[in-house]
Amino acid sequence: MGLRSFFGILPPKLPYKDMAAEIEALPIPGKATLLWCKHAPSDVVPRVGDEIKTGQDLAQKGKGPFISTVTGRIEDIAILTGPDGYEYVAVAVTPNPRDSFDTSLESIDDFSKADSLELRTAINRAGFTALSSISSDPSIWPAIGILIISALDQDPLSIANQQAFRDQIDQTEEAIQLLGRATAASRLVLALPDHLTHIGRKFTRGPTTVAVVPPVYPNGLPEILAKKYGAGLLMQGSDGGFVGNTLVVSIEQALAMVGCLKAGKPLLNKTVTFSSGKNGPLKNFRARIGTPAADILKKTTTELIPKGKLILNGAMRGYACFSDEQPVTAAIDSIHVQAPSEVFFYQSKACANCGRCNAICPVNLEVNLLGRFSEYGIFEKCRDLGAENCIDCGLCAYVCPARRPLVQLISHARHVIRTTTIEHVSTEDILSIEEGEHPVIRLFETAPENEKPLRNKA
Ligand code: SF4
Ligand code: SF4
């Protein structure tokens, strides 16, 4: 039986696409927004009105890097809440159509002659966050159990990463060598979807293992790759240092590192897959980081319709945006546009105890209970049930016949657990809660009639 899903009636298997799609390069945008996560505007050195260069580190010494991807004039600096809920410093720039490069980056021709610290410093200085998210200081670097370089896309609506592998297979050996030396990982794994193993077999030579991954969601998510093909736990930066034992880097990032280090240039571009509608074709665009989503919509002559949705970073893990001015970042793999008829709305129906969410959860959470405890504000129980281990894969909500907003409820619980002191709630308190008293779930119900339309400046 098909299940009511994000897109309508679909079978519960979500395959990754096996398709090649040429990458179309977009020009330097007419305006750009550079985002820098979790820092203060005072940490940005240039001021409004200053001219900046491509590759210039805009951050105060020791705070960055925050690399400019364009040359131009700073129009504004502000704190914004990003589409993922985190706070960012946003630097609005009017770019020049031609780059003037900051020349402080040096090229490295032969990775085999550079030592680990030199390579890590160059990767960090070029603006790659894949490594600096663990340790922003290249000289303080944790031991890495297993490094996985992944040619899988994370979302079924993205083909950007596998296209990078198809286009630059000849540079893959160098990418493996570069990251192997930079990270000094004990073991290297090249993760390939089933359908790309015929062109990736040659990498089984030497110390690299090839992992053949069934191309079905959520197998391309870093957490799942670390669990199934790594040493168990994805490495991530945390307040007290880092956690985990397996580092996962996309092949697109790894290949871009090779190009940037050899040229002595920063990371400037990101490939994103664009799609619209239920069965719209997937198209790849390479855009300057900072390019507004509106430029890609304009290129595809796609209009945002009021009560439709603009979704960044995938159908399963992505987030809806209220503005098409959201810029492309190094972390965005896809842009998807939905018409109003395709938008999925959650409901405030009670859980039917069918158990489907628990059965499908890849990290074995008791999702139905987490959803209920979060709905009623009992965050202590959410913490005890391991809400913080949720990886936001979205599968629970995908299969829920009651259309409960499970991902939002668990994400809300995680946010509360991380940011507040959790109060103890007694059994008596729980039993005294009247039905409907905690209307968290109503936030995600059908959109009200007066909902503001999406802006479309395309
Ligand atoms: S989103 Fe749902 S299915 Fe996925 S890890 Fe979190 S609770 Fe489990
Ligand atoms: S899938 Fe939905 S209805 Fe079924 S147990 Fe989970 S939350 Fe309840």
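This report walks through a predicted model, from its overall make-up to its sheets, cores and two ligand sites.

Residues count from 1 along each chain as its sequence is written, while chains are lettered from A and ligands numbered from 1 in the order in which they are written. As the model is predicted, local features need pLDDT of at least 70 and side-chain atom pairs count only at pLDDT 80 or more, while totals for chains, interfaces and linings use all residues.

**Overall picture**

The protein chain carries 14 helices and 18 strands. Here helices (H or I, at least four residues) and strands (E, at least two) are DSSP runs, numbered from the N terminus. Of the 458 residues, 43% are buried. Buried means that 20 or more other C-beta atoms lie within 10 Å of the residue's own; with 12 or fewer it is exposed, and in between partly exposed, with C-beta atoms placed from the backbone. Take the contacts between residues at least 6 apart in sequence: 69% of them join residues at least 24 apart. A contact is a pair of residues whose C-beta atoms, placed from the backbone, lie within 7 Å.

How much can you trust it? The average pLDDT of the protein chain is 86, and 85% of the residues score at least 70; pLDDT is the predictor's confidence in each residue, from 0 to 100. Residues 1–11 have a pLDDT below 50, with 18 contacts in the model beyond near neighbours in sequence. Residues 438–458 are also below 50, and that stretch has 43 such contacts.

**Sheets**

Four strands make an open sheet in the order S4-S7-S6-S5, with antiparallel pairing. Pairing here takes at least two DSSP bridges between two strands. S4 and strand S5 (51–52) are the edge strands, each pairing on one side only. Edge or not, S4 (residues 32–37) is mostly covered, with five of its six residues buried. In its pairing with S7, Leu34 has Val91 as its bridge partner. Between S6 and S7, Thr81 is matched with Glu87 of S7.

Elsewhere, strand S9 (residues 187–193) has six of its seven residues buried, so the rest of the structure largely encloses it. S9 pairs with S8 and with S10, and the bridge partners include Ile149 opposite Leu190 in S9 and Pro193 with Val213 in S10. The pairings line up like this:

| Strand pair | Bridges | Sense |
|---|---|---|
| S4 (residues 32–37) and S7 (residues 87–95) | six | antiparallel |
| S6 (residues 72–81) and S7 | nine | antiparallel |
| S8 (residues 146–150) and S9 | five | parallel |
| S9 and S10 (residues 208–213) | six | parallel |

**Cores**

A nonpolar core is a set of buried Ala, Val, Leu, Ile, Met, Phe, Trp, Tyr and Cys residues joined through C-beta atoms within 7 Å. The largest one has 97 residues, and Ile148, Ile149, Ala175, Ala191 and Met257 have the most contacts inside it. Helix H7 (residues 251–263) gives the largest share of this core, eight residues. Leaving aside residues up to four places away in sequence, Met257 touches Ile123, Phe128, Ala175 and Leu178. Another core, of 17 residues, lies apart from it and includes Leu34, Ile67, Val89 and Ala92.

**Helix H10 and the two ligands**

Seven of the nine residues of helix H10 (residues 367–375) are buried, so H10 is largely enclosed by the rest of the structure. The buried ones are Val367, Asn368, Leu370, Gly371, Phe373, Ser374 and Glu375. They pack against H9 (356–360), H11 (379–384), H12 (395–399) and H13 (406–419). After H10 comes Gly377, with a positive phi near 70°.

Some of these helices also turn up around the ligands. A residue counts as near a ligand if its C-beta atom, placed from the backbone, lies within 6 Å of it. Ligand 1 has 16 residues around it, the closest being Cys361, Cys390, Cys393, Leu395 and Cys396. H12 and H13 each supply at least two residues of that shell, and H13 has the largest share, three residues. By class the shell holds 14 nonpolar, one polar and one charged residue. In this scheme Ala, Val, Leu, Ile, Met, Phe, Trp, Tyr, Cys and Pro are nonpolar, Asp, Glu, Lys and Arg are charged, and the others, Gly among them, are polar.

Ligand 2 is surrounded by 16 residues, and the closest are Cys351, Cys354, Cys357, Asn368 and Cys400. H9 and H10 are the elements that give two or more residues to this shell, with H10 supplying the largest share, three residues. The classes here are 10 nonpolar, four polar and two charged.

Methods
Contact = placed C-beta atoms within 7 Å.
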